[in-house]
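Please open the model in your viewer and keep the selection tool at hand. We will go from one stop to the next, selecting a few residues each time.

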Amino acid sequence: DSNNEVVFAWNSADHIDPATESVTAGDRDYAHLNSLQVLPNGDILASFRHLSAVLRIARTAHDGFQAGDIIWRFGGRKSDFTFEPGEGGPCAQHTATLHPDGHMVIFDNSPNAFWGNYCVNPDDPSGPAITR
């Protein structure tokens, strides 16, 4: 805040299990946060490249959620959303932005084999990551 006091702290290690959620098994950078947006109600929208997921995190208690709770996961191994057949959700995305009308815009890298396999297999979300 304006007095240099911490008003909220969140550690992915307290909320994400790298063994079951990261698509880069064994990588110390299992989540790789690459964008953050504070939403009008204070919630945080965070893009985690190595989870291939965007998370909405409660910054204060509301609607049955406690501060720090993950409200939803868009994409990744534990997505709260479903996708059209043939679409597996975001893949190594960046720059997630939630607009006031509820639409989310994401720059989806969908890397190839050169950059690594970061895509969750929609037919086997807990299985090996794939390229697309």
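Start by selecting Trp72: with a relative accessibility of 16%, Trp72 counts as buried (buried means under 20% relative accessible area, exposed over 50%, and partly exposed in between, with a 1.4 Å probe and protein chains only). A word on the model before moving on: it is predicted, so local features need pLDDT of at least 70 and side-chain atom pairs count only at pLDDT 80 or more, while totals for chains, interfaces and linings use all residues. Residues are numbered from 1 along each chain as its sequence is written, and side-chain values use heavy atoms, with hydrogens and water left out.

Now the aromatic rings. The structure holds 4 aromatic pairs; rings of Phe, Tyr and Trp (its six-membered ring) pair if their centres lie within 6.5 Å, and planes under 30 degrees apart count as stacked, over 60 as edge-to-face and the rest as tilted. Select Trp10 and Phe48: their ring centres are 6.1 Å apart and the planes stand at 45°, so this pair is tilted. The pair links distant parts of the chain, 38 residues apart, with Trp10 in the segment before α1 (18-21) and Phe48 in strand β2 (residues 44-48). Helices (H or I, at least four residues) and strands (E, at least two) are DSSP runs, numbered from the N terminus. Is each ring buried or exposed? Trp10 is partly exposed, at 22% relative accessible area, whereas Phe48 is buried, at 4%.

Back to Trp72, this time adding Phe81: the ring centres are 5.4 Å apart and the planes are at 90°, so the pair is edge-to-face. Phe81 is partly exposed, with a relative accessible area of 35%. Add Phe74 and Phe83 to the selection, and you have one aromatic cluster made of Trp72, Phe74, Phe81 and Phe83.

Next, show Arg49 and Tyr118. The charged end of Arg49 sits over the ring of Tyr118, 4.6 Å from its centre (this requires NZ of Lys or CZ of Arg within 6 Å of the ring centre and within 35 degrees of the ring normal).

Keep Tyr118 on screen and select Thr24, in the loop between α1 and β1 (33-38). Thr24 counts as buried, at 12% relative accessibility. Leaving aside residues up to four places away in sequence, Thr24 touches Asp29, Tyr30, His50 and Tyr118 (contact means heavy atoms within 4.5 Å).
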